[in-house]
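This note goes through the structure shown below as a series of numbered points. Please keep the sequence and the model in view while reading.

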Amino acid sequence: MERLRWVLAGGAVLLLVVLAVFLGYGRYRALRTWRDIVRRSGAHITHETDGYTYSQSLKGRTIFTLHAAKGIPHGDGKWSLHDGVLTLYGKTPNDFDRIHGADFEYDEKTEILQALGEVYIDVQAPGALASGGKTHTDNSPKTPMAQPDAKPGENDHIIHVRTTGLSYNRKEGIATTSEEVEFRYAGLQCLAKGAIFNSDESMLHLLADVRLTGDVHGEPMTVHAVKADLNRESNTVALVQPVAHTQGRTAHAASALLHLRKDGSISQAEADGNVAFDEGTRHLTAPHLDATFNTASLPQTTKLTGGVVLWDDNVQQPMHGKANEVDTSFNALGAPTNIVATGAAQVALSDHKGSGPALSREMRGDRIVATLVPIGHKTVSRLTQVVATGSAMARGDSPVASSAGHPQTQEIKSTMITADKLRADLEPGASQKAELRKVFGTGHARLQQDAPQGEQQTSSSDTVDIAFASQPTKSGGMATGITSAVQNGHVVIHSVPALRVGAAKPEPPSDASANNAVYDGATSKLTLTGSARYTQGDTQLTAATIVANQTTGDADAQGNVLATLLGAETSATAQATHVTADHAHLVQASQVADFYGNEAHPARLWQGASQVEAATLRFDQKQKTLAARPASTGGLVHAVFANANANANSNPSQAQAKGKTASSGEGQVVRVASPAMDYSDIAREATFSGGVRIDGATGQARSQKAVVFLNPAAPSKAAPGAAKPAGPTNLLGGSVEKVVLSESVRIDQPGRAGTGEQLVYTTADSSYILTGTPAKPPHIVDVKQGNVTGATLLFRSDDSTIIVTGAPPGPAQKHGRVRTETEVRQ
């Protein structure tokens, strides 16, 4: 029995050993079979006492590694993992992302990893490397990413993501969550609703309500978007309906695409659909934007296309502008330095400051280029120059002094400049804001100024150079006004004066032309040089230099002055009056023109064959008078009266009654020299004084005074139905009716000489009437008639007849007596 018990016990032990061997061998076979299957699939699983690791390779490259501090199997390939880390590898071992959290569930069959709480994802930024943008030279793996509690900025090349409800599908290589996602990158914090991370495509999709906050270059910034896509393969970030706020500025668009460098900085940006920038009351919109950035992600260039619109809603200074395209360049600090607007570019603004009326400014051109200078180290720039080309136009308003008739009204003067090319220069004013200082135009330049009460001046030239300065307004503010304007090349000016207070009608317009013109805003004087020509009303003036006062209408001319004076009622029969002088002065209000010369080169006035020469000529157009004076004592005034139209102005019946034809005075010329001459066109009389000498075809006469009477000028031939012109139209026109000499008269003719106190010469019949006083009767010495004395002596220059009448009856005698002395030759 004892031996049997040992046999039974040994058999039981042997049975247990055999069972153990079979069980061990079966498990060994199953484990080896499982390992072969796993080995063939590329996965490697180790079950350690202190951790759980699962990795998978494809074509010799590790795709992902799942590691947990503790793994609890639940059967059927399901595991509970604690403190798990999922490492997703890119194309190289140096490119990987990590997902880590406290608790996970992993299904080996479906290859789905589900996070049970908060999960943290460390994602490499597009093109960014943990080594600061430099690749590793060895094959060692990178250092682990920053932990979830890492502070922003510890590694600016890693995007730190925090979320919940994350599910990772290894078959698709996609990690998804519908919960809120929070991540940090380069000091920026982002929130989004839902995300998809595709490690195979290197894509991170933020599904909705993307919100980005943080500091950029020391300034706070926020960005909102409907969704965002981050592509590490192409190094791009795509945003849907992004809206960015920073430094009081807002930018938004329907979509935007950012191109990133390997260091994570922005290199380019594109925006489409309702691209808009807002800053306070300023707004800028365009369909499309292209931009480039420097390594500090500051803008280098921007290009807005498709129709750019700019406006400002500021109540005091509204503005509006537009162009087809706008290109902007920036300096290294991101401050704009150059703006180019092309395609029907224009900008207009108004100034409603103060109680006065609004002052507006406008500029247009096919292309407008603005140059700016940064202010200090800020991203703010000041405008220094604007150049417009192609049908360029600039217009601006400036205040002027109130007129006497409207003392309470702030009056505005508008200035418009057009040219093929316009350049505006600006300088900082008292408030350090850019103020207009100069405008320079070339090619078909045109300047137009419209002042209150209808005053207007337009001018054209090859070039125009205008200077501006700040001027006080009636409301106490400052405005910009013209201080000077210089025009060169083919200058043509047309001016319409304002209606003066109390005047029934405005003054006539004026026209001017010259090679050069200079306008002085302080004096309102326009200086014309080089073939200068000035026309106002009935006066045309040419000279080497002409200075016209734009306010008063007065004009001064210097050097080779030639003036043409037209009557108020010009016609085909009217003759113009011409004046030459060294210099002249014209006063518009009194319509008085003074012409100056000297004794050697006197001023000269002529009409037809009649003329007047003197050192000074004063012509009063309103009173129709002419005064001629010498330059000094002893000087003379010379006048010539041509009797070319005697037959047209004489009375034929009177001439025939005297037995002479009406043409007997035709062709005679009367020359007068005297220290002074005063002519009245209304009375048709020219009065000479101070000692007169008259020369004619039939002799010479001298006296202290003389008056030349002219027949009325030929009337103008009015058009049928038109009113008959009132008054004469020709200064010094018409024939000489008669000449009256008085005081110490002496006449000398061939074969005849006479003295008396008055001599009347009538051109119609070429007759002379010589009279004297009772104490000093007229006396003639004639080679044929001898000495003849009487109260009145009548004779003609074309015969030797002398008609003598006696002295009028006096107290001592009843009848006058005639005394003749005749010398009878042997």
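How much space lies in the largest cavity? The points below begin with the answer and then turn to the rest of the chain.

1. The largest cavity. The model is a predicted one, and the largest cavity in it holds about 80 Å³ of space. The count of cavities of 30 Å³ or more comes to four. As a general matter, empty space is revealed by rolling a probe the size of a water molecule over the atoms.

2. The lining of that cavity. Thirteen residues line the largest cavity, and those nearest its centre are Ile121, Val161, Ala195, Phe197 and Leu204. Two or more lining residues come from each of strand S7 (118-124), strand S8 (158-164), strand S10 (174-185) and strand S11 (188-198). The largest share belongs to S10, which gives four residues. By character, the lining divides into 10 nonpolar residues, three polar residues and no charged ones.

3. The chain as a whole. The chain contains three helices and 55 strands. It has 826 residues, of which buried residues make up 40%. Among contacts with a separation of 6 or more, 47% join residues that are 24 or more positions apart.

4. Confidence. The mean pLDDT of the chain is 79, and 75% of the residues reach 70 or more. Two stretches deserve caution. Over residues 403-407 pLDDT stays under 50, and the model has seven contacts for them beyond four places in sequence. Over residues 645-664 pLDDT also stays under 50, and here the model has 28 contacts beyond four places in sequence. Predicted coordinates should not be read in detail where pLDDT is low.

5. The nonpolar core. The largest nonpolar core has 139 residues, and the members that touch the most others are Leu617, Phe641 and Phe688. The contacts of phenylalanine 641, leaving aside neighbours within four places in sequence, include Phe688 itself. Also among them are Val669, Val670, Val672, Leu710 and Leu732, together with Ser610 and Gln668.

6. Valine 760 and threonine 771. Is valine 760 buried or exposed? Valine 760 is buried, because its relative accessible area of 15% lies under the 20% cut-off. This residue lies in strand S49 (residues 752-762), whereas threonine 771 lies in strand S50 (residues 767-771). Threonine 771, with a relative accessible area of 18%, is buried as well. The two residues are 11 apart in sequence, and their C-alpha atoms are 8.6 Å apart in space. Not counting residues up to four places away in sequence, valine 760 touches Lys738, Val739, Val740, Ser767, Tyr768 and Ile769. On the same basis, threonine 771 touches Gly756, Glu757, Gln758, Pro778, Ala791 and Thr792.

7. Threonine 384. Which residue 42 places along the chain has its C-alpha atom 4.7 Å from that of threonine 384? The residue is leucine 426. Threonine 384 belongs to strand S28 (residues 381-400) and counts as buried at 18% relative accessibility. Beyond four places in sequence, threonine 384 is in contact with Thr371, Leu372 and Val373, and also with Ala424, Asp425 and Leu426.

How values were computed. Residues are numbered from 1 along each chain as its sequence is written. This is a predicted model: local features need pLDDT of at least 70, side-chain atom pairs count only at pLDDT 80 or more; totals for chains, interfaces and linings use all residues. Side-chain values use heavy atoms; hydrogens and water are left out. Buried means under 20% relative accessible area, exposed over 50%, partly exposed in between (1.4 Å probe, protein chains only). Contact means heavy atoms within 4.5 Å. A nonpolar core is a set of buried Ala, Val, Leu, Ile, Met, Phe, Trp, Tyr and Cys residues joined through side-chain atoms within 4.5 Å. pLDDT is the predictor's confidence in each residue, from 0 to 100. On a 1 Å grid over the protein atoms alone, a cavity is a set of points where a 1.4 Å probe fits but cannot get out, and a pocket is an open set with protein on both sides within 12 Å along at least five of seven lines; lining residues have an atom within 4 Å of a point. Grid points are joined across faces, edges and corners, and a volume is the space filled by probe spheres set on the points. Ala, Val, Leu, Ile, Met, Phe, Trp, Tyr, Cys and Pro count as nonpolar, Asp, Glu, Lys and Arg as charged, and the others, Gly among them, as polar.
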